[in-house]
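Colleague: I would like to go through this model with you and ask, for each label, what it rests on. Could we put the structure up before we begin?

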Amino acid sequence: MVHWFCPYCWKEVDERDRICPYCSSDLSKFSTLDYEEKLILALDSPITQNRVFAIEVLGKKKVKKAVDKLCKMLFEKRDTFELVEIAIALFNIGTKEAFECLNKRSKINDNKLLNKVLKNFLDRINGQSLV
């Protein structure tokens with residue numbers, strides 16, 4: 001059995017629904033969104049692998065409009081692997097806002113691996129490391 005989900009609120013819907021019964025989004029308009037907008041929506045997917053895929057692609061494509069959402073996610077309680085992928089994506093996007101977010105998150109010492117990654121990125125941003 002195939003399950004259908006609203007790409008806006010991620011609640012289960014019937015495949016015949018054209019309007020989400022939960023968030024009232026027009027499901028038929030999803031196909032008109034550009035790829036980057038769909039990836040940003042995928043950041044809210046309940047499926048970790050889908051989120052991580054979207055995070056990786058957004059970082060590789062350097063999607064600036066994803067910075068705000070990724071930054072918020074970096075401060076949420078998440079799996080360490082996912083947090084590291086978010087940090088990598090923000091570093092790859094490389095905007096001033098992305099770097100400020102990485103710097104702000106580095107001041108929270110609650111995750112040794114993430115903090116090590118953040119320190120490495122900040123050293124590179126500040127020109128203190130050639131790696």
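Colleague: Leaving aside its neighbours within four places in sequence, which residues is Leu 102 in contact with?

Modeller: This is a predicted model, and in it Leu 102 is in contact with Leu 74, Ala 87, Leu 90, Phe 91, Leu 118, Leu 122 and Ile 125, once neighbours within four places in sequence are left aside. Leu 102 also belongs to the largest nonpolar core, which has 30 residues, and it is listed there with Leu 70, Leu 74, Ile 86 and Leu 90 as the members that touch the most other members. Helices H1 (35–42), H2 (48–60), H3 (67–74), H4 (80–93), H5 (96–106) and H6 (112–125) each supply at least two residues of this core, and H4 gives the most, with eight residues.

Colleague: In what order do the helices and strands follow one another along the chain?

Modeller: From the N terminus on, the order is β-β-α-α-α-α-α-α, which agrees with a count of six helices and two strands. The C-alpha trace spans about 55 × 25 × 20 Å along its principal axes, and of the 131 residues 38% count as buried.

Colleague: Why is Arg 105 called buried?

Modeller: The relative accessible area of Arg 105 is 3%, and buried means under 20%, so Arg 105 falls in the buried class. Arg 105 lies in helix H5, and, leaving aside neighbours within four places in sequence, it is in contact with Leu 74, Phe 75, Leu 83, Asp 110, Leu 114, Asn 115 and Leu 118.

Colleague: Ser 24 and Ser 25 are both in the loop between E2 and H1. What makes Ser 24 count as exposed?

Modeller: For Ser 24 the relative accessibility is 57%, and exposed means over 50%, so Ser 24 counts as exposed. Ser 24 also has a positive phi of about 65°, although it is not a glycine.

Colleague: And why is Ser 25 called buried?

Modeller: Ser 25 has a relative accessible area of 17%, and the limit for buried is under 20%, so Ser 25 is placed in the buried class. Apart from neighbours within four places in sequence, Ser 25 is in contact with Tyr 8, Arg 18, Ile 19 and Cys 20.

Colleague: Tyr 8 has just appeared among those contacts. What makes Tyr 8 partly exposed?

Modeller: Its relative accessible area is 25%, and partly exposed is the class between under 20% and over 50%, so the label for Tyr 8 follows from that value. Tyr 8 is found in the loop between strand E1 (4–5) and strand E2 (12–13), and, not counting residues up to four places away in sequence, it touches Cys 23, Ser 25, Asp 26, Leu 27, Lys 29, Phe 30, Leu 33 and Leu 41. The C-alpha atoms of Tyr 8 and Ile 88, 80 residues apart along the chain, are separated by 25 Å.

Colleague: How do you know which class Trp 4 belongs to?

Modeller: Trp 4 has 42% relative accessibility, and the class between under 20% and over 50% is partly exposed, so Trp 4 counts as partly exposed. Trp 4 is found in strand E1 and touches Lys 11, Glu 12, Val 13 and Glu 15, not counting residues up to four places away in sequence. For the C-alpha atoms of Trp 4 and Glu 15, eleven residues apart along the chain, the separation is 5.8 Å.

Colleague: Which residues of H3 are buried?

Modeller: The buried residues of H3 are Val 67, Leu 70, Met 73 and Leu 74.

Colleague: Why are they said to lie on the same side of H3?

Modeller: They cover an arc of only 125° around the axis, which puts them on the same side of H3. These buried residues pack against H2, H4, H5 and H6, whereas the face turned away from the buried side carries the exposed residues Asp 68 and Lys 72.

Colleague: How many positive and negative side chains does the protein have?

Modeller: There are 23 positive and 19 negative side chains, and the centres of the two sets lie 6 Å apart. The protein exposes about 8,300 Å², of which carbon and sulfur atoms supply 53%.

Terms used: Residues numbered from 1 in each chain as written. Predicted model: local features only at pLDDT ≥ 70, side-chain atom pairs only at ≥ 80, totals over all residues. Heavy atoms only, no water. Core = buried A, V, L, I, M, F, W, Y, C linked by side-chain atoms within 4.5 Å. Buried < 20%, exposed > 50% of the residue type's maximum accessible area, 1.4 Å probe, protein only. Helix = DSSP H or I, 4+ residues; strand = E, 2+ residues; numbered from the N terminus. Contact = heavy atoms within 4.5 Å. Areas by Shrake-Rupley, 256 points an atom, 1.4 Å probe, with all protein chains shown as cover. Lys, Arg positive; Asp, Glu negative; His and termini not counted. Charge placed at Lys NZ, Arg CZ, Asp CG, Glu CD. Arc of directions from axis to C-beta.
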